[in-house]
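Please open the structure in your viewer and keep the selection tool at hand. The tour proceeds from the whole chain to individual residues.

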Amino acid sequence: MIAMEKFFDFLDRRVAGPMSMVSEQRHIRAIRDGVISAIPFIIAGSFVLIIAAPPVPETTGLAIWAKAHIDQILVPYRMTFGLMSLYVCFGVGSSLARSYDLDGLAGGQLGVAAFLLSLTPKAIGDGVFLDLESLGSQGLFPAMILALLAVEVMRVCYKHNLTIRMPEQVPESVSKSFGAVVPAFTIMVVMALVSVVLGIDIIDIVRVGLAPLVTAGDSLPGVLVPAFLVVFLWFFGISGDSVVGSVARPIWLQYLSDNASAVAVGSPAPHIAPETFFQWFVSIGGSGATIGLVISGFLVGKAKYTKSITRAVAVPALFNISEPIMFGLPVMMNPFFVIPFLLAPLILCLVSWCAFSWGLVSYMAVQPPWTLPAPIGAFLATGGDWRSIVLCLLNILIATVIYYPFMRMYDRSQLKKEELEEPNE
């Protein structure tokens with residue numbers, strides 16, 4: 001027991017602690033907050049795909065109507081999900097600016113300006129057009145990078161007083177607007193030089209540079225590594241979802257966008273592992289697939305504490321909220337649960353990845369709200385594939401089997417404690 005405590009202490013100081021610090025780094029936090037700020041548009045827009053491709057036979061009236069009106073149905077999708085890079089760009093710029101105590105609105109606007117100036121309009125007939133794909137998943141990483149750079153330009157300008165200062169009598173909103181003139185002009189000149197004069201396609205450069213990383217995230221190791229890191233950090237009380245999501249969520253979001261774009265035009269979705277892969281088939285009941293732990297508690301619980309805590313955390317677990325059982329049982333830093341807590345997500349990743357890669361379940365192109373019960377969320381995420389419900393239920397069963405013997409040992413230990421305490425009382 002002492003050796004195990006020393007081992008946990010070593011991991012906490014040497015591994016978990018530094019990773020937590022990285023997740024709170026200013027620029028990574030801005031990217032995380034920017035992506036999260038766009039989630040309402042992503043969820044709302046992705047649901048339109050269910051209407052555009054309803055989960056009913058193609059010969060039914062609803063399917064025929066949807067096919068005939070596909071262009072009109074997809075307009076809300078293209079203006080929300082399809083423009084995700086714009087929403088994320090503004091969110092990243094605003095978050096980073098506020099972390100420097102600068103105007104968040106100006107930071108977001110400067111980020112969007114830098115991103116739009118990196119695009120090359122195309123002349124078609126009498127009009128000039130921007131490619132919508134560049135404003136969707138293809139432009140996601142450039143949008144985040146340019147938003148960070150734009151705010152850094154803004155910070156440097158303010159730091160060295162390279163701004164237009166207005167008299168104190170001028171309203172604050174007007175003063176802030178003039179204060180952003182010099183940063184805006186600097187960004188405009190630099191981006192015009194890069195994109196127009198030098199003809200450098202920033203989006204294409206970033207896309208090619210990140211291609212190996214994007215490809216790796218769809219592989220079996222690519223899903224096992226983040227799944228392990230999430231629960232590894234959670235075991236030490238650090239929100240693994242926040243830490244890992246800060247780095248991986250932009251890639252997961254690109255996967256989901258690529259899948260949605262493919263489904264919108266009737267093509268097969270290309271990616272196995274957007275974030276919904278983990279949400280609905282791995283982190284069922286919350287991080288660590290703790291729904292299996294809750295079910296095990298109901299099956300074997302004899303100790304008063306086990307029964308009471310299991311009843312208390314059951315409803316949150318149904319809606320994928322794991323904090324009550326994580327800190328209430330607790331799972332965190334509990335030697336009884338270290339093995340199943342780390343093992344269950346890896347097994348579920350393996351089973352789910354094989355099911356998707358073998359074509360047993362449709363790929364996901366919709367992002368339902370994460371608080372839905374897992375089978376319902378899985379059904380919606382896959383566009384209404386009933387096989388996703390079967391896979392989700394199978395994973396719940398697997399998680400329960402993994403947790404069962406360890407919960408039984410834990411319950412017996414609690415029961416012995418209660419038996420020893422009763423005579424004293």
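The stops below begin with the overall view and then turn to selected residues.

**Before selecting**

This is a predicted model, in which local features need pLDDT of at least 70 and side-chain atom pairs count only at pLDDT 80 or more, while totals for chains, interfaces and linings use all residues. Residues are numbered from 1 along each chain as its sequence is written, and side-chain values use heavy atoms, with hydrogens and water left out.

**Stop 1: the whole protein**

Select everything and display the C-alpha atoms: along the principal axes, they fill a box of roughly 85 × 60 × 40 Å. Switch to a cartoon view, which should show 22 helices and two strands. These elements are DSSP runs numbered from the N terminus: helices are H or I with at least four residues, and strands are E with at least two.

The protein has 425 residues, of which 47% count as buried. Buried means under 20% relative accessible area, exposed means over 50%, and partly exposed lies in between (1.4 Å probe, protein chains only). Now display the surface: about 20,500 Å² is accessible, and 69% of this belongs to carbon and sulfur atoms. Such areas come from the Shrake-Rupley method with a 1.4 Å probe; for residues, only the protein chains shown count as cover.

**Stop 2: a nonpolar patch**

Select Leu193, Val196, Val197, Leu198, Ile200 and Ile205, which form a nonpolar surface patch with about 580 Å² of accessible area together. Patch residues have over 30% relative accessible area and no salt bridge; nonpolar side chains (Val, Leu, Ile, Met, Phe, Trp, Tyr) are joined within 5 Å, and like charges within 9 Å. A salt bridge is a side-chain nitrogen of Lys or Arg within 4 Å of a carboxyl oxygen of Asp or Glu.

Which helix supplies the largest share of this nonpolar patch? Helix H12 (residues 181–197) does, with three residues. Leu193 is found in helix H12 and is partly exposed, at a relative accessible area of 44%.

**Stop 3: Pro221**

Move to helix H14 (residues 220–235) and select Pro221 there. Is Pro221 buried or exposed? Its relative accessibility is 52%, so Pro221 counts as exposed. Add Arg249, 28 residues away along the chain: the C-alpha atoms of the two residues are separated by 16 Å.

**Stop 4: a positive patch**

Finally, select Lys302, Arg408, Arg412 and Lys416, which form a positive surface patch. Lys302 lies in the loop between helix H17 (291–300) and helix H18 (304–318), and this residue is exposed at 60% relative accessible area.

How values were computed: Lys and Arg count as positive and Asp and Glu as negative; His and the chain ends are not counted. The place of a charge is taken as NZ of Lys, CZ of Arg, CG of Asp or CD of Glu.
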